[in-house]
Amino acid sequence: NRIEEKLYQNRYMVDAGRPHIKVREHAVPSEALKSLVTTCPAGCYSENEQGKVEIVADGCMECGTCRVVCAETGEIEWNYPRGGYGVLFKFG
Ligand code: SF4
């Protein structure tokens, strides 16, 4: 898959212990939050055994999808990574 090959060329700097996106504690995830399990292009979201949605932000491409999708539900805390961390896109 050509896109995956391109994505593989990006580099990701993990800011250990300081994830830039967090899912707020919730009893039941909204449909919007649940949809991210399949729509996040980096596959950062997953559903755990309790039916709650979790995120591992490593590899996040900062596309902003989850930020937009959950803007109204307020279930996500979203910040850009600190300088020097996060995705480093390679162009060309
Ligand atoms: Fe996934 Fe995009 Fe959200 Fe990053 S910003 S976690 S890539 S949906």
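Select E25 first: in this predicted model, its relative accessible area is 68%, so the residue is classed as exposed. Keep E25 displayed and add K52, since the two form a salt bridge in which the closest N and O atoms are 3.0 Å apart. E25 belongs to the loop between β2 and α2 (31-39), and K52 to the loop between β3 (45-47) and β4 (53-55), so this pair ties together parts that are 27 residues apart in sequence. K52 has 25% relative accessibility and therefore counts as partly exposed. Side chains of opposite charge can pair when their charged atoms come close.

**Further salt bridges**

How many salt bridges are there by this rule? The count comes to three.

For another of them, select R82 and D15, whose side chains meet at 2.8 Å, N to O. R82 is in the loop between β5 (76-78) and β6, whereas D15 is in the loop between β1 (11-13) and β2 (21-23); the contact therefore ties together parts that are 67 residues apart in sequence. Colouring by accessibility will separate the two partners. R82, at 36% relative accessibility, counts as partly exposed. D15 has a value of 12%, and because buried means under 20%, D15 counts as buried.

Next, move to helix α2 and select E31 and K34. Their side chains meet in a salt bridge of 3.5 Å, N to O. Both residues lie in helix α2, three residues apart, which is about one turn of the helix. E31 counts as exposed at 60% relative accessibility, while K34 is partly exposed at 30%.

**The aromatic pair**

Which two residues form the aromatic pair? A search of the whole structure finds one such pair, and its members are W78 and Y80. Select both and view the rings from the side: the arrangement is edge-to-face, with 4.8 Å centre to centre and 90° between the planes. W78 is buried, with a relative accessible area of 9%. Y80, in contrast, counts as exposed at 56% relative accessibility.

Retain Y80 and add H20. These two residues are 60 residues apart in sequence, and their C-alpha atoms are 6.1 Å apart in space. H20 is located in the loop between β1 and β2. Is H20 buried or exposed? At 8% relative accessibility, H20 counts as buried.

**Strand β4 and the loop that follows**

Select I55 in strand β4. Its relative accessibility is 17%, and I55 accordingly counts as buried. Add V37 and draw a distance between the C-alpha atoms: the separation is 9.0 Å, for residues that are 18 residues apart along the chain.

Continue to E62, in the loop between β4 and α3 (65-69). What is the sign of the phi angle at E62? The angle is positive, about 55°, although E62 is not a glycine. E62 is partly exposed, with a relative accessible area of 22%.

**Two surface patches**

Switch to a surface representation and select M13, Y85 and L88. Together these residues make a nonpolar surface patch of about 250 Å². L88 is found in strand β6, which spans residues 86-88. The relative accessible area of L88 is 39%, so L88 is partly exposed. Patch residues must have over 30% relative accessible area, and L88, at 39%, therefore satisfies that requirement.

For the final stop, select R2, K6, R11 and K90. These four residues gather in a patch of positive charge on the surface. To place one of them within the fold, look at K6, which sits in helix α1 (residues 2-8). K6 has a relative accessible area of 46% and is therefore partly exposed.

Terms used: Residues numbered from 1 in each chain as written. Predicted model: local features only at pLDDT ≥ 70, side-chain atom pairs only at ≥ 80, totals over all residues. Heavy atoms only, no water. Patch = residues over 30% accessible without salt bridge, like charges linked within 9 Å, V, L, I, M, F, W, Y side chains within 5 Å. Areas by Shrake-Rupley, 256 points an atom, 1.4 Å probe, with all protein chains shown as cover. Helix = DSSP H or I, 4+ residues; strand = E, 2+ residues; numbered from the N terminus. Buried < 20%, exposed > 50% of the residue type's maximum accessible area, 1.4 Å probe, protein only. Lys, Arg positive; Asp, Glu negative; His and termini not counted. Charge placed at Lys NZ, Arg CZ, Asp CG, Glu CD. Phe/Tyr/Trp six-rings, centres within 6.5 Å; stacked < 30°, edge-to-face > 60°.
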